[in-house]
Amino acid sequence: MAWSTFAQVSVTNGSDVVTITSSETILGVVPDSALLIQGSALVEVEAVFIDGGGNRFLRLRSNWSEASRLGNTAWYSDI
């Protein structure tokens, strides 16, 4: 299982959406990918999407239950 990095992501407590704020591609992220945001527990990605403005997001299988994160590094891998 290889891990790839997003230099900056943000997520708010109680939300199920992670915003990717750095420029890395999202092509390697697939449903069921593991996501580890710096200083937090491992979570599972449900979906990947881009809005009409080109902003990139990861939808989590469950709401983010930890403190909000802003600009943290994250690692992902398909499991």
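Reader: Let me start at the beginning of the chain: in strand 6, which residue is the bridge partner of Ser4?

Author: That partner is Tyr76. Keep in mind as we go that this is a predicted model.

Reader: How do you know that strand 1 and strand 6 pair, and in which sense?

Author: Two strands are said to pair if at least two bridges are found between them. Strand 1, residues 4–11, and strand 6, residues 69–77, have six bridges. The pair therefore passes the cut-off, and its sense is antiparallel.

Reader: What makes strand 1 and strand 2 a pair?

Author: Here the count is two bridges, again antiparallel, with strand 2 covering residues 17–20. The cut-off is at least two, so this counts as a pair. One contributor is Ser10, whose bridge partner in strand 2 is Thr19. Five residues lie between the strands of this hairpin, and Gly14 there has a positive phi near 90°.

Reader: How do the next strands join up, and over how many bridges?

Author: Strand 3 is joined to strand 4, residues 42–50, by three bridges, and the two run antiparallel. Within that arrangement, Leu35 is opposite Val43 of strand 4. Their hairpin has four residues between the strands, and Gly39 in the hairpin shows a positive phi near 80°.

Reader: And how many bridges join strand 4 to strand 5?

Author: Five, again in an antiparallel run, with strand 5 spanning residues 56–60. Ala47, for instance, has Arg59 as its bridge partner in strand 5. The hairpin has five residues between strands 4 and 5, and Gly54 takes a positive phi near 85° in that hairpin.

Reader: What makes the phi of Asp32 worth a remark?

Author: Most residues other than glycine have a negative phi. Asp32 is not a glycine, yet its phi is positive, near 80°. You will find Asp32 in the loop between strand 2 and strand 3, the latter being residues 34–37.

Reader: Is Asp32 buried, partly exposed or exposed, and how do you know?

Author: The partly exposed class runs between the buried limit of under 20% and the exposed limit of over 50%. Asp32 has 35% relative accessibility, so it counts as partly exposed.

Reader: Why is Val29 classed as it is, buried or exposed?

Author: The relative accessibility of Val29 is 7%, and buried means under 20%, so Val29 counts as buried. Val29 belongs to the loop between strand 2 and strand 3. Outside its neighbours within four places in sequence, Val29 touches Phe6, Val45, Val48, Leu58 and Tyr76. That last name may ring a bell, as Tyr76 is also the bridge partner of Ser4.

Reader: What about Val30: which class does it fall in, and why?

Author: Val30, too, is found in the loop between strand 2 and strand 3. At 33%, its relative accessibility lies between the two limits, so Val30 counts as partly exposed. Leaving out neighbours within four places, its contacts are Val45 and Asp78. Val30 and Glu46 are 16 residues apart in sequence, while their C-alpha atoms are 7.9 Å apart in space.

Reader: And why is Ala41 put in its class?

Author: Ala41 has 40% relative accessibility, which is not over 50% and not under 20%, so it counts as partly exposed. Its place is the loop between strand 3 and strand 4. Beyond its neighbours within four places, Ala41 is in contact with Leu35, Leu36 and Glu66. From Ala41 to Glu66 the sequence gap is 25 residues, and the C-alpha atoms are 8.5 Å apart.

Reader: Stepping back, how many helices and strands does the whole protein chain have?

Author: Zero helices and six strands, which gives the pattern β-β-β-β-β-β along the sequence.

Reader: How do you know whether the protein chain is as compact as a globular protein of that length?

Author: For 79 residues the globule rule gives 12 Å, and the radius of gyration of the protein chain is 11 Å. The two values are close, so the chain is as compact as a globular protein of that length. Along its principal axes, the C-alpha trace spans about 30 × 25 × 20 Å. As for burial, 33% of the 79 residues count as buried. Of the contacts between residues at least 6 apart in sequence, 62% join residues at least 24 apart.

Conventions: Residues numbered from 1 in each chain as written. Predicted model: local features only at pLDDT ≥ 70, side-chain atom pairs only at ≥ 80, totals over all residues. Heavy atoms only, no water. Rg over C-alpha atoms; globule rule 2.2 N^0.38 Å. Buried < 20%, exposed > 50% of the residue type's maximum accessible area, 1.4 Å probe, protein only. Contact = heavy atoms within 4.5 Å.
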